[in-house]
Amino acid sequence: MKGPTKSIKGHLILTVVLSQLVLAAGLVFTGVFYLQRRLQAALDADLQARAMSVAALVRYAEDGSHNLVFEKSLVPPPLDLSHPDFYEIRKDTTVLARSPNWPADLTFDNTKPRAYRSLMSSGLPYRALHLNEVPILDREEAPPSSSDTLIVVYAEPTLALRKQVLAAGVYIALASLILLGATVLLALWGIRRGLLPLQLLAAEAAQISSQNWELRAPPNAMRVEELKPLTDAMGTMLDRLRQSFLQQREFLGNAAHELKTPVAILKSTLQSLLQKPRTAAEYEAGLGQALEDMERLEKLLHWMLRLARAEQWAQGALQRDLEEIEISNTCEEAIAGLRGLARSRNINLELKAESSLVCKADPEDLELVWVNLLENAIRYSPAGGTVKVSISRHNGRGTVVVEDHGPGIPDKDLPHIFERFRRADPSRTRESGGFGLGLAIAKALVEAYGGTITPESTLGQGTRMMVMLPSERK
Amino acid sequence: MRVLIVEDELRMAENIARSLREGASYAVDIATDGEEGLYMAQSEPYDAVLLDLMLPRLDGLKLLKQLRHSKQHTPVLVLTAREEKESVVALLNAGADDYLTKPFDLGELLARTKALIRRGKGQASPVLTIGNLEINTSNRAVRRAGKNIPLTAMEYRVLEYLAHRPGAIVSKAELLEHLYDYNWEKFSNVIEVYISGLRRKLNDDSERQLIHTLRGQGYMLQ
């Protein structure tokens, strides 16, 4: 699979950065919101105080006319000279006082005794307070039974408040960003440290070769909980690989060794033919011999390839569409093919089929299994003996037993009889034409069909080869 | 010279035998299993044994050890398919004199066999010289005083055997045992025929006899 490589480190860093960003945004938002609320509350209180203080400047005229006058000279100076506050004091609809910068069209909801409002005036944000029924504080000149009240509107610019909130927001955001940077650095360091065992493990794994199969997991990688399944899996994988590699190498070594003999014979035949000038008849005989030698070599190669194919198939590398076949038919074929050999050794071949057995298989493969088992049995049977093949069912599996009454196989050799190039007697090969591959091929084929092959032997009594195949009764 | 080949591959054994007969005029016997090989090597006086390792009944290494255990000093050349150092060392330590790995070259086998026999008889050079007689064992050329002397295969066999043991008395029986293989009918008077033929061919003008007859004991080349 091609494509950009993914980095665990990058992924983790991205996660950290994103979560930090969310955190910073939340912090800025709540900070600004809270500050804005607090500042506005303070401003509102200030507005009320200022409104009341301008309202306090209204008093009755001293002439007893009960007219209301406004002491303009006592108005406190604005805090911000360039953006002064503005105000208006009315009695009912009569305007008693109005600041010079009072905007023209300003209306308020007059129903509530007290109303705050944010507004824009000459391009600036203002906050205004509208107060109904403000009592007149001047009691000295007040007419008796006076219940006059004033309407006061006072507005203050909120520019300073906005600036403060903005500054606080920027400050929080900057602080968050700096913290974010520090967190990323810290996370980088932590992740690198955390992933270090993985790198050590990788470096160790890189040391694995056909000479060195041992995975020495670094101790700090062994302690990492998440890496344990990985190191364990690598260990078992390496074990399996090594086993299979060693098997292959042994097979190759054996094969090369086995090939040497026929090659040596062929070479010696040709060399002795060339040793001196010979007659045409001698050359002809020599070439005939060389051809025979060649055929033996070819036969060995054929069996080696057959074994390799059976084993490859047993490992599921090949898939074939298979038909259901009758097992006893393949046994009959195999026995028919070996009648000649059996007769020459004066051995009786018997087939006993208890029940019909059907199995999904290639008939040639099964026939080859029986031929190999039977050949072996015939080879080790004493003259006049009987080799019996019996077909039956056991525990839902088809069982084929090939039985001889030969000398039997010693217990110590029993586990090795299926090894390739193995012969019970390391040398009795040649006359019998076997290469020590027959049983290995039989085993590989049986296992390819999901079956098992079990040898049982009693010294002096004979050997039973039990083949179990998954099968159904017809 | 008489050589024993212990090899279960009959075809291989026959090829080697043919090469030894044609290329060195040796008498050759073949044993196709270990027990037969050991019996023959112990009962017949061979000048060299060529021994395969993978043998039926008795494997080559055991055969070699038993042979050496029974004080047999016959040179042994081992033919092996194994090239590993350990197995070669084990072979030489068991008493083998030389080894060849299969598949080998028949020419090399022939040369090594000749060298082993030579050494076994206490000779170093492939050219044997007795007085003015010169026998080149590598190409089987015989010269006396620089003159080429053509010999029959059997005459050469007799001369070569005597020349390997100059000054020693070699009985007729010994000659018969070393010049003929197992299957040959052995008649002692045949030896006399070859000896007289050799004398006639080797005689130069000097009238000095090289082959001496010691009545009732045997022959001597001097």
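**Exercise 1. Find the aromatic pairs, starting in helix 1.**
Work out how many aromatic pairs a search of the whole structure finds, and describe the one formed by A:Phe29 and A:Phe33.

*Solution.*
- Step 1: Searching the whole structure, over all chains, gives five aromatic pairs. Keep in mind that this is a predicted model.
- Step 2: One of them joins A:Phe29 and A:Phe33, with ring centres 6.3 Å apart and planes at 10° to each other. Planes under 30 degrees apart count as stacked, so this pair is stacked.
- Step 3: Now place the two residues. Both belong to helix 1 of chain A, which covers residues 8–55, and they sit four residues apart, about one turn of the helix.
- Step 4: Check their surroundings. A:Phe29 has a relative accessible area of 60% and is exposed, while A:Phe33, at 47%, is partly exposed.

**Exercise 2. Follow a pair between two strands.**
Describe the pair of A:Tyr87 and A:Tyr154, and explain why it ties together parts that are apart in sequence.

*Solution.*
- Step 1: The ring centres of A:Tyr87 and A:Tyr154 are 6.1 Å apart and their planes differ by 5°, which makes the pair stacked.
- Step 2: A:Tyr87 is in strand 3 (residues 86–91) of chain A and A:Tyr154 is in strand 7 (residues 149–157) of chain A, so the pair links parts that are 67 residues apart in sequence.
- Step 3: Are these two residues buried or exposed? Both A:Tyr87 and A:Tyr154 are buried.
- Step 4: Look for a further partner. A:Phe70 joins A:Tyr87 and A:Tyr154 in one aromatic cluster.

**Exercise 3. Compare two helix directions.**
Decide how helix 1 and helix 2 of chain A are oriented towards each other.

*Solution.*
- Step 1: Helix 2 of chain A spans residues 159–206, and its axis comes within 8 Å of the axis of helix 1 of chain A.
- Step 2: The two axes cross at roughly 160°. Angles over 145 degrees count as roughly antiparallel, so helix 1 of chain A is roughly antiparallel to helix 2 of chain A.
- Step 3: The crossing of these two helices is right-handed.

**Exercise 4. Step back to the whole chain.**
Summarise chain A by its elements, burial, contacts and surface.

*Solution.*
- Step 1: Chain A contains nine helices and 14 strands.
- Step 2: Of its 474 residues, 39% are buried.
- Step 3: Take the contacts in chain A with a separation of 6 or more: 67% of them are between residues 24 or more positions apart.
- Step 4: The accessible surface of chain A is about 28000 Å², and carbon and sulfur atoms account for 57% of that.

Technical notes:
Residues are numbered from 1 along each chain as its sequence is written. Chains are lettered from A and ligands numbered from 1 in the order in which they are written. This is a predicted model: local features need pLDDT of at least 70, side-chain atom pairs count only at pLDDT 80 or more; totals for chains, interfaces and linings use all residues. Side-chain values use heavy atoms; hydrogens and water are left out. Buried means under 20% relative accessible area, exposed over 50%, partly exposed in between (1.4 Å probe, protein chains only). Contact means heavy atoms within 4.5 Å. Accessible areas come from the Shrake-Rupley method with a 1.4 Å probe; for residues, only the protein chains shown count as cover. Rings of Phe, Tyr and Trp (its six-membered ring) pair if their centres lie within 6.5 Å; planes under 30 degrees apart count as stacked, over 60 as edge-to-face and the rest as tilted. Axes are lines fitted to C-alpha atoms, for helices over the stretch in contact, and angles run from 0 to 180 degrees between N-to-C directions. Angles under 35 degrees count as roughly parallel, over 145 as roughly antiparallel, 65 to 115 as roughly perpendicular and the rest as oblique. A crossing is left-handed if the near helix is turned anticlockwise from the far one by less than a right angle, and right-handed if clockwise.
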